[in-house]
Structures are given as C-alpha cells and as structure tokens.
Amino acid sequence: MLDPGRRLWPRRPQFVSGNRRGRRPWGIAARGGTKMSGVPGLERGIAILRLLNRDRRRITAPEIVAELKIPRSTVHRLLQCLTELDLLRKEPGDAFSAGAGVLSLGFEYLASLDIVQLANPILARLRDETNCNTHLAVLEGCNSIFLLRHLSDIPFSATISVGSSIPVYATVTGRMMLVDHSEAEIRRMFKGVSFRAFGDNTPTSVDQLLKLLETDRANGYALGEGVFGNVLAIATAVRGHDNKIVGAISAIAARGTLTRKELLTSVKAKLLAAAREISQSMGASAPDMSGRGRRMAAAD
C-alpha cells in the first residue's frame, strides 16, 4: 500500500534529555533540536497534538499519559483546554481527534505563503489545460512538503494530499529541488539515509539518484514513470527573487491515461510555462531549459 507521507504538522514529539529524575521527559524539541522553554503547558499541549497524524487519527488519555509521561490529571486538563479551543474534538469511546481549529491554523499558514498564493491559480489552470493532477512542493531537509494540489477529473490511487511529507528522492518534484546541489552536498544530505522503494523505478541509492539528477539538470525538468506509485509524472523547479530554487511543480497522470510522448510535448511545454510564470511573479529570472536562469532585461 502506498504511504503518501504524513502531514506537514502535527508531528510526533521528539523528546529531549535533561530530566534529573531519569524519567522520560515530556518536553519536545524545536526544529533546530533545542528544547522549547518558558511555557510548559504550551509545550505539553503541542506534544499532544503532534501525536495525531495520518496513521493515527484518534488518541485516548491513557495513551497520552503512557507516551508523554504527563500526569493523568494534567492530561485531562490539557484535553479539556484543547477541546474548548477547537484544536481537539471529543469522539465516542473517550477518544479525541484533531479539531477544526487545527485545520484552520494549517490552511491559514499555507495561505500566508507567497508561493502558495501565486501558484494556486496557475496550477489550477495547468490542471485544466492538461487534465493532470498538479502539485506544488517545497524542500524541508530530506523531504518534499506538498503545499498545493489540484485534482483532475480522472481519479487514480497515487494521490498526494496537501501537507504530505515524502522523501525527496521518491518524486520527480523532489528531484527538481535538488538539481542545484553539488554531488558532495547530495552525498552529505543522504548520508545514513535508507532509500525506500515507493514504485517500480524509485532510486534505491545515492548513486542512482545522482545519475537521475544529472539528466534532470541538463533537461530542466524531471520525468518519472513508476517512481512514486503507478503514475507518469513530470516536474520542474520554481525560483525566487534571488534565482534560487524555492520549490517545484509537477503534472501527474495515471499510467495508461497519457502517453510518454504527450507528456513530453504539450504537458511539458505548459508545465515549463507555468513554472516560468510563477518564478517571474516572485521576481526571478526566466529559467532556460538547463535550469540556469538569466536576469530579464527591464522594460524601458
């Protein structure tokens, strides 16, 4: 079964050391790896929310007590507070699930990103023009985080939800966000990483990934068949005002609904045009087919 990844947030807590009594601490680490400080109640509340994810939609108070090592009375107070804030929702059987407030926070955050606002109508148009699913993703560590998705009228199983986090090597969208990295940077990035096959043609080693990136870099786009699920996909990079890659967009169709030739002609041309439009809207130079940019001359 395909695992399209977990949501952008909440995430499972990363526990930090420092409990003098030797108990497993309830504190969680921030993105940089340092412990959050100053507001224990806030830390504990966020730790509870991060226990919920794609594979775990419900949680009970005893499970929270066992996993976070928070006193039972404190857990009940936190659950009551989170429910009142609409961040959790009470379910039958004394369980809790994510409330509408969590979704509201997540979508408001996505809407605040310039790249999302600029790309949204362009990807909707690209979907209509190609009848392909279209996506926007950004790079976070070794993962692609998907911020936008527009679905075509043709359903297929390998759909990627907004907020999904997928290993960057496993999609053509992810590969295009690596084309400006050197071989040494790629090897450092994936040192100790175990490659997992998400499809018939997912790269399973750094060497295989580097070989694909060499072709992607020369073409200015990445093509994949069976890289992530049973799909045919093409992606290209989006650049920001400093001409650095800030994300990537893709067009995806189920195998059999589109030929490779169609993907490399009309779909590719429309995809590259969409990426150029988004990049120019963000103040970037116009990318050429090699993926390198050139500063556009200002109109007199």
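This is a chat about the sheets, helices and cores of a predicted model.

Colleague: Before we start, what kind of model is this?

Modeller: A predicted one.

Colleague: OK. Which strand order does the six-stranded sheet have?

Modeller: The order is β6-β5-β4-β9-β8-β7. The sheet is open, and its pairing is antiparallel.

Colleague: And which strands sit at the edges?

Modeller: β6, residues 165–167, and β7, residues 222–225. Each of those pairs on one side only.

Colleague: How much are neighbouring strands turned against each other?

Modeller: By 30 degrees on average, with direction ignored.

Colleague: Let's look at β9. How many bridges join it to β8?

Modeller: Nine, with the two strands running antiparallel. If you want a pair to click on, Ala235 has Ser250 in β9 as its bridge partner. The two strands also make a hairpin with five residues between them. In that turn, Asn243 has a positive phi of about 70 degrees.

Colleague: What about the pairing of β9 with β4?

Modeller: That one is antiparallel too, over five bridges. Leu136 is the residue opposite Ile249 in β9.

Colleague: Is β9 mostly covered or mostly open?

Modeller: Mostly covered, with nine of its ten residues buried.

Colleague: Which helix lies across β9?

Modeller: Helix α5, residues 114–130. Besides β9 it lies across β4, β5 and β8, and it runs at about 60 degrees to β5.

Colleague: Back to the edge for a second. How does β7 pair with β8?

Modeller: In the antiparallel sense, over four bridges. Leu223 is found opposite Ile234 in β8.

Colleague: Switching to the inside. Which residues of the largest nonpolar core touch the most other members?

Modeller: Tyr169, Met176, Leu178, Ile186, Phe190 and Leu209, out of 29 residues in that core.

Colleague: Which elements give two or more residues to it?

Modeller: There are helices and strands on that list: α6 (172–176), α7 (183–189), α8 (206–219), β8 (231–239) and β9 (245–254).

Colleague: Zoom in on Ile186. What does Ile186 touch?

Modeller: Leaving out residues up to four places away in sequence, Ile186 touches Leu178, His181, Val206, Leu209, Leu210 and Leu213.

Colleague: And how many residues does the second core have?

Modeller: It has 28 residues and is separate from the one we just discussed. Val116, Leu123, Cys132 and Ile249 are among them.

Colleague: Ile249 came up already, didn't it? Remind me where.

Modeller: In the β4 and β9 pairing, where Leu136 stands opposite Ile249.

Colleague: New topic: the other end of the chain. At what angle do α1 and α3 cross?

Modeller: Roughly 75 degrees, and their axes come within 10 Å. That makes α1 roughly perpendicular to α3. For your viewer, α1 is residues 40–49 and α3 is residues 72–84.

Colleague: Which residues meet there?

Modeller: From α1 you have Gly41, Arg44, Gly45, Ile48 and Leu49, and from α3 Thr74, Leu78, Leu79 and Leu82. Five of the contact residues are nonpolar, three are polar and one is charged.

Colleague: Last bit: what order does the three-stranded sheet have?

Modeller: β1-β3-β2, again an open sheet with antiparallel pairing.

Colleague: Why is one side of β1 and of β2 left without a neighbour in the sheet?

Modeller: Because β1 (59–60) and β2 (88–91) stand at the edges, each with a single partner strand.

Colleague: And how many bridges link β2 to β3?

Modeller: Four, in the antiparallel sense, with β3 covering residues 95–98. Arg89 stands opposite Ser97 in β3.

Notes. Residues numbered from 1 in each chain as written. Predicted model: local features only at pLDDT ≥ 70, side-chain atom pairs only at ≥ 80, totals over all residues. Heavy atoms only, no water. Core = buried A, V, L, I, M, F, W, Y, C linked by side-chain atoms within 4.5 Å. Buried < 20%, exposed > 50% of the residue type's maximum accessible area, 1.4 Å probe, protein only. Contact = heavy atoms within 4.5 Å. Pairing = 2+ DSSP bridges. Axes fitted to C-alpha atoms, helices over the stretch in contact; angles between N-to-C directions. Parallel < 35°, antiparallel > 145°, perpendicular 65-115°, else oblique. Nonpolar A, V, L, I, M, F, W, Y, C, P; charged D, E, K, R; others polar.
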